[in-house]
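This report describes strands, helices, ligand surroundings and selected loop residues. The sequence and structure are shown first.

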Amino acid sequence: VHLEGQLREALTRDELILHYQPVVGPDGGVQTAEALVRWPHPERGLLAPDVFLPVAEQGDLLRDLDRWVLRTALREAATWPQVDGRPVAVAVNLAGLVPGVPDFVDSVTHAVEEAGIDYNRVILELVETSLVDLPSRTRQTMGELVDRGVRFAVDDFGTGYSSLARLKDLPAQIIKVDRRFVAGVGNDPSDFAVARAVVDMARAMDRSCVAEGVETATQFHVLRGVGVDAYQGWLFSRPVPAKEFRAVLDLGP
Ligand code: G
Ligand code: G
C-alpha cells in the first residue's frame with residue numbers, strides 16, 4: 001500500500017523515466033527504439049518494471065501508467081534525429097490501455113497529436129492475450145489507427161497459448177519472437193526450429209518479425225540467415241536513458 005501510494009504520486013509528479021533499447025535492421029542500423037519504464041525511487045534506487053508493474057496493477061494504475069509512458073515516449077521520440085535518412089520509430093508497451101478500453105483510440109490519437117509525431121513512427125506492443133478473441137468492434141477501432149499508420153506488435157510471441165496457426169487472426173503487423181527461443185539459437189535445435197517456424201509463418205502472413213534478446217553474434221548471424229527483419233538485445237545495446245539514446249542516434253550513420 002505504501003509503494004502504491006508512492007507510485008500514484010510519482011506518476012502525477014512526472015517522476016518516472018524512460019530508457020530506450022534500439023531495434024536494428026539486418027545491416028545494424030537503428031530502425032526503432034523500445035521505451036522501457038523505470039522508477040527512480042528516492043530510497044530504493046532505480047526500480048525495474050518487474051517490481052512496480054504488479055503494484056500498478058493492484059492499485060488500478062496500469063492505465064494511467066501506460067498513458068504517461070505513451071505521452072512521454074512520443075514526445076521524446078518526436079525530437080530524435082533520423083538515421084540514414086530514415087525516421088526512427090518508437091515502440092511502447094501497453095498493458096492497461098489496451099484495445100477494447102473505451103478511450104483507447106482517443107488516448108493514442110491525443111498522445112500522437114500532442115507530441116506532433118507521425119503516426120507511422122508509432123508502434124504499440126501488446127502481449128498475445130490482449131490481442132486474441134477481440135470483438136469485431138474493437139478490431140475496427142484498431143483498424144482506424146492502422147489506417148493512419150500506427151503499427152501493432154505482439155510481444156513475447158511463442159509464450160502465450162495461441163498456436164502458430166492463430167497468428168493469422170492476430171491483428172498485429174509485427175511479431176516479436178520471445179527471447180526464450182532466441183536464447184537457444186546456435187545450440188538448441190528445437191529453439192532454432194521454433195524461431196524459424198515463426199519467421200516462416202510471419203513472412204507467409206505478411207508480418208514483420210523481430211527477434212528479442214539477441215545476445216551473441218552467432219544468434220544474430222543464424223537469425224539473419226533465416227530472414228528475421230529486425231533485432232533487439234544486449235549484443236547491440238542495453239536499454240539506456242533517454243539522453244544517452246539520443247547521443248547514440250546523434251552519432252548518425
Ligand atoms: O525493462 P525491462 O526489460 O526490465 O522490462 C521488464 C518487463 O516490463 C517487460 O516484460 C516489459 O514488457 C515490461 N515493461 C517495460 N516497460 C514497460 C512500460 O512502459 N509499460 C508496460 N506496460 N510494461 C513495460
Ligand atoms: O517483454 P519485453 O520484450 O518488453 O522485455 C524487455 C526486457 O528484456 C527488459 O527487461 C530488457 O532489459 C530485457 N532485455 C533486453 N535485451 C535483452 C537481452 O539481450 N537479453 C536478456 N536476457 N534480456 C534482455
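The text below covers strand pairing, helix packing, the two ligand shells and three loop residues.

The structure is a predicted model.

**Strand pairing**

Strand 1 spans residues 17-24, and 6 of its 8 residues are buried, which leaves the strand mostly covered. Strand 2, residues 30-41, has 9 of its 12 residues buried and is therefore largely enclosed by the rest of the structure. A residue is called buried here if 20 or more other C-beta atoms lie within 10 Å of its own.

These two strands pair with each other in the antiparallel sense over 8 bridges. Within that pairing, L18 has V37 of strand 2 as its bridge partner, and Q21 has E34 of strand 2. The hairpin of strand 1 and strand 2 has 5 residues between the strands, and in this hairpin G28 takes a positive phi near 90 degrees.

Strand 1 also pairs with two strands from later in the sequence. Its pairing with strand 10, residues 240-241, is antiparallel and has 2 bridges; in that pairing Y20 is matched with V240 as bridge partner. Its pairing with strand 9, residues 230-232, is likewise antiparallel over 2 bridges, and there the bridge partner of V23 is Q232.

Strand 2 has further partners of its own. It runs parallel to strand 4, residues 89-93, and 4 bridges join the two. In this parallel pairing, T32 stands opposite A89 of strand 4. With strand 3, residues 45-47, strand 2 pairs in the antiparallel sense over 3 bridges, and P40 has L46 of strand 3 as its bridge partner. The hairpin that joins strand 2 to strand 3 passes through 3 residues.

The table lists these pairings.

| Strands | Sense | Bridges |
|---|---|---|
| Strand 1 and strand 2 | antiparallel | 8 bridges |
| Strand 1 and strand 10 | antiparallel | 2 bridges |
| Strand 1 and strand 9 | antiparallel | 2 bridges |
| Strand 2 and strand 4 | parallel | 4 bridges |
| Strand 2 and strand 3 | antiparallel | 3 bridges |

**Helix packing**

Two packed helices are described by the angle between their axes and the distance between the axes. The axes of helix 3 and helix 4, residues 104-115, come within 8 Å and cross at roughly 30 degrees. Angles under 35 degrees count as roughly parallel, and helix 3 and helix 4 are therefore roughly parallel to each other. The crossing of helix 3 past helix 4 is right-handed.

Helix 4 also packs with helix 5, residues 136-148: their axes come within 10 Å and cross at roughly 15 degrees. Helix 4 is therefore roughly parallel to helix 5 as well. Helix 4 passes helix 5 in a right-handed crossing.

**Ligand shells**

Around ligand 1 there are 13 residues, of which L36, V37, P49, N93 and A95 come nearest. Strand 2, helix 2 (49-58) and helix 3 (62-77) are the elements that give two or more residues to this shell. By class, the shell around ligand 1 holds 10 nonpolar, 1 polar and 2 charged residues. V37, one of the nearest residues to ligand 1, is also the bridge partner of L18.

Ligand 2 is surrounded by 13 residues, and the closest are E212, G213, E215, G233 and W234. The shell around ligand 2 divides into 4 nonpolar, 4 polar and 5 charged residues.

**Loop residues**

D84 lies in the loop between helix 3 and strand 4. Its phi is near 50 degrees, a positive value in a residue other than glycine. D84 counts as exposed because it has 12 C-beta neighbours inside 10 Å, and the limit for exposed is 12 or fewer.

D133 is found in the loop between strand 5 (122-127) and helix 5. The phi of D133 is near 55 degrees, again a positive value in a residue other than glycine. With 9 other C-beta atoms within 10 Å, D133 is exposed.

Where is L167 placed? L167 is in the loop between strand 6 (151-157) and strand 7 (174-177). It has 19 C-beta neighbours inside 10 Å and so counts as partly exposed. L167 and P189 are 22 residues apart in sequence, and their C-alpha atoms are 22 Å apart in space.

Conventions: Residues are numbered from 1 along each chain as its sequence is written. Chains are lettered from A and ligands numbered from 1 in the order in which they are written. This is a predicted model: local features need pLDDT of at least 70, side-chain atom pairs count only at pLDDT 80 or more; totals for chains, interfaces and linings use all residues. Two strands pair if DSSP finds at least two bridges between them. A residue is near a molecule or strand if its C-beta atom, placed from the backbone, lies within 6 Å of it. Ala, Val, Leu, Ile, Met, Phe, Trp, Tyr, Cys and Pro count as nonpolar, Asp, Glu, Lys and Arg as charged, and the others, Gly among them, as polar. Axes are lines fitted to C-alpha atoms, for helices over the stretch in contact, and angles run from 0 to 180 degrees between N-to-C directions. Angles under 35 degrees count as roughly parallel, over 145 as roughly antiparallel, 65 to 115 as roughly perpendicular and the rest as oblique. A crossing is left-handed if the near helix is turned anticlockwise from the far one by less than a right angle, and right-handed if clockwise.
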